[in-house]
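Me: Hi! Could you go through a structure with me? I'll paste it here.
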Amino acid sequence: MTAPAARHVVAVGSGKGGVGKSTVTLNLALALRRRAWNVGLLDADLYGPDIPLMLNLKREQVAKRWDFWRRGDVRLEPLEREGLQVMSVGFLLAERQSLTFAAPLLGAALRQLVEQVDWRALDVLLIDLPPGTADLQQQLLGVVSLTGAVVVVGPQDVAHLDARKFLDFLRAADVPILGGVENMAGLLCPHCGERIDVFPPAAPDRAIWADGVPLLGRIPLDPELGRHQDEFDRVGEELAGRLEAA
Ligand SMILES: Nc1ncnc2c1ncn2[C@@H]1O[C@H](COP(=O)(O)OP(=O)(O)O)[C@@H](O)[C@H]1O
Ligand SMILES: [Mg+2]
């Protein structure tokens with residue numbers, strides 16, 4: 001691609017690690033699937049690919065991994081789970097092997113994951129990014145043409161501060177900002193149902209919402225995230241509306 005097979009390509013990123021990008025990307029993919037969209041999920045966190053574990057997809061399922069990186073003519077099928085078409089660098093590494101590509105090669109690796117994979121017709125390809133705005137994010141821009149990006153933030157000051165750097169990167173590259181998801185937005189007390197703010201919330205003027213970023217939804221902190229399908233459905237609905245309008 002150039003993503004000829006995808007109507008929309010959406011990158012999900014943040015300034016920080018650990019704010020829940022992969023969790024949100026996966027649940028958003030599932031929410032869009034529930035809307036009967038054809039959804040691809042590309043785990044582009046080349047150094048910390050977590051999607052295979054989150055979907056319980058075994059690495060060994062891709063047998064041709066050595067040839068794939070060495071040769072341009074080896075093609076792979078995306079793996080299927082929960083109706084999603086999934087590709088991850090994690091499928092192309094041995095257990096416990098880390099990726100040692102030098103920074104200038106990241107773009108070429110991303111291109112392979114996009115172009116040497118037989119994605120079937122997609123309404124949207126969601127790309128789970130590693131944190132930050134450096135080599136991989138920069139080089140992705142040369143590999144796919146993004147419909148836009150979604151930013152994931154935690155509720156606290158530092159998450160918003162770092163997310164602003166991601167927003168600056170998007171604006172400098174003319175990538176439309178489709179909206180933000182606040183993740184870990186309070187803990188619901190299992191006893192009384194009251195919301196507890198675990199992190200001191202960002203000052204309103206420091207939050208990215210003050211910068212005109214549309215809020216797509218808030219997801220609470222909950223070890224049983226499966227209970228919050230409705231929240232993810234709302235985020236999916238918001239995002240789908242923005243994509244249709246894009
Ligand atoms: N809303 C949430 N409630 C509870 N745990 C969460 C939530 N969001 C993320 N997590 C957990 O936090 C950790 C980091 O999330 P992850 O999606 O891997 O972040 P990132 O991709 O930004 O590094 C994971 O263990 C994940 O299961
Ligand atoms: Mg991640």
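Me: Is Phe-68 buried or exposed?
Reply: Phe-68 is buried, at a relative accessible area of 0%. Buried is under 20% relative accessible area, exposed is over 50%, and partly exposed is in between (1.4 Å probe, protein chains only). This is a predicted model, where local features need pLDDT of at least 70, side-chain atom pairs count only at pLDDT 80 or more, and totals for chains, interfaces and linings use all residues. Side-chain values use heavy atoms, leaving out hydrogens and water.

Me: And Trp-69, buried or exposed?
Reply: Trp-69 is buried too, with 17% relative accessible area.

Me: Which residues form an aromatic cluster with Phe-68?
Reply: Trp-69 and Phe-101 join Phe-68 in one aromatic cluster. Rings of Phe, Tyr and Trp (its six-membered ring) pair if their centres lie within 6.5 Å; planes under 30 degrees apart are stacked, over 60 edge-to-face, the rest tilted.

Me: How many aromatic pairs does that rule give?
Reply: The count is three aromatic pairs. Phe-68 and Trp-69 have ring centres 5.2 Å apart and planes at 75 degrees, so they are edge-to-face.

Me: New topic: what is the phi of Asp-174?
Reply: Phi of Asp-174 is near 60 degrees, a positive value in a residue other than glycine. Most residues other than glycine have a negative phi. Asp-174 is exposed, with 68% relative accessible area.

Me: What about Met-184, what is its phi?
Reply: Phi of Met-184 is near 60 degrees, also positive in a residue other than glycine. Met-184 is partly exposed, at 23% relative accessibility.

Methods
Residues numbered from 1 in each chain as written. Chains lettered and ligands numbered in written order.
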